[in-house]
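Hi everyone, thanks for making time today. I'd like to walk you through one structure, and I'll go slowly so that nobody gets lost.

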Amino acid sequence: MGTAAPGEWRARAGWLAGAGAVLASGLVAPGLAPAPTAALLGGALYTALLHTLLMAAAPRLGPWSAAAAALAASWAVELFQLTGLPADLGRRSRLARLVLGTTFDASDLLGYALGAAAVLAAHLAVRRAARRAVHRSVHRSARAG
């Protein structure tokens, strides 16, 4: 693996901070919402967390690719629950229970899709805002020079 540019390290740090915020939200917010909303919110935040972790690991990954990969991984974990193995692992490990869940719930698939859509929209919006800010800064510098 090559040396990362300073901007790439800043991006990684930003994505890790975002992952921390999503993780904190995922641990608190579902407990504050009504049960049906909490289930969707928990799934959405799970996929958003995967997206932020993917971006921290590979900051050059595009928003669409990261959202698709996070959604695919979320769905894979949910479908893996059909095997019963995550439930067995979850009885022995709290971490396995948090990461893999224990029982299949088809409605979680919708929560994951909503999370992928939300994190993709947020990622694209932040990217557009950052590009606009750079464009304005360059434009101002050109006028001042």
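Let me begin with a word I'll be using a lot: a helix here is a DSSP run of H or I with at least four residues, and the helices are numbered from the N terminus. With that in hand, we can place a residue such as Leu-124, which lies in helix H6. Please keep in mind that this is a predicted model.

Now the overall picture. How many helices and strands does the protein chain have? There are six helices and zero strands. Reading from the N terminus on, the order of elements is α-α-α-α-α-α. If you draw a box around the C-alpha atoms along the principal axes, that box comes out at roughly 65 × 40 × 25 Å. The chain has 145 residues, and buried ones make up 30% of them. The exposed surface of the chain is about 8,900 Å², with 69% of that supplied by carbon and sulfur atoms.

Charges next. The chain carries 14 positive and 5 negative charges, and the mean positions of these two groups lie 20 Å apart.

What about contacts across the chain? Take the contacts between residues at least 6 apart in sequence: 63% of them join residues at least 24 apart. Let's look at some places where distant parts of the sequence meet.

Start with helix H1, which covers residues 6-32. Glu-8 sits in this helix. Is Glu-8 buried or exposed? Its relative accessibility is 14%, and buried means under 20%, so Glu-8 counts as buried. Leaving aside neighbours within four places in sequence, Glu-8 is in contact with Pro-59 and Arg-60. There is also a C-alpha distance to point out here: Glu-8 and Ala-56 are 48 residues apart along the chain, yet 9.2 Å separates their C-alpha atoms.

On to helix H2, where we find Thr-52. Thr-52 has 4% relative accessibility, so this residue counts as buried too. Which residues does Thr-52 touch, if we skip those up to four places away in sequence? They are Trp-15, Gly-18, Ala-19 and Val-22.

Helix H2 also gives us one half of an aromatic pair. The structure holds one such pair. The partners are Tyr-46 and Tyr-112, with 5.8 Å from centre to centre and 45 degrees between the planes, which makes the pair tilted. Tyr-46 belongs to H2 (residues 35-57) and Tyr-112 to H6 (residues 106-144), so the pair links parts of the chain that are 66 residues apart. Tyr-112 is at 6% relative accessibility, and therefore counts as buried.

Between H2 and H3 there is a loop, and Gly-62 has its place in that loop. With a relative accessible area of 23%, Gly-62 is partly exposed. Where does this bring us back to Leu-124? Gly-62 and Leu-124 are 62 residues apart in sequence, and their C-alpha atoms are 9.6 Å apart in space. Not counting residues up to four places away in sequence, Leu-124 touches Pro-63 and Trp-64.

In helix H3 we meet Leu-79. Its relative accessibility is 45%, so Leu-79 counts as partly exposed. Leu-79 and Thr-103 are 24 residues apart in sequence, with 9.4 Å from C-alpha to C-alpha.

My last stop is helix H4, which spans residues 85-92. Which residues of H4 are buried? They are Pro-86, Ala-87 and Gly-90. Looking down the axis of H4, these buried residues fall within an arc of 100 degrees, so they line one face of the helix. And what do they pack against? The buried residues of H4 pack against helix H3 (63-80) and helix H5 (94-100). On the other side of H4, Arg-91 and Arg-92 are exposed.

If you take a few pictures home, let them be these. The chain has six helices and zero strands. An aromatic pair links Tyr-46 in H2 with Tyr-112 in H6. And H4 has buried residues lining one face, with Arg-91 and Arg-92 exposed on the other side. Thanks for listening!

Methods. Residues numbered from 1 in each chain as written. Predicted model: local features only at pLDDT ≥ 70, side-chain atom pairs only at ≥ 80, totals over all residues. Heavy atoms only, no water. Buried < 20%, exposed > 50% of the residue type's maximum accessible area, 1.4 Å probe, protein only. Helix = DSSP H or I, 4+ residues; strand = E, 2+ residues; numbered from the N terminus. Arc of directions from axis to C-beta. Contact = heavy atoms within 4.5 Å. Areas by Shrake-Rupley, 256 points an atom, 1.4 Å probe, with all protein chains shown as cover. Lys, Arg positive; Asp, Glu negative; His and termini not counted. Charge placed at Lys NZ, Arg CZ, Asp CG, Glu CD. Phe/Tyr/Trp six-rings, centres within 6.5 Å; stacked < 30°, edge-to-face > 60°.
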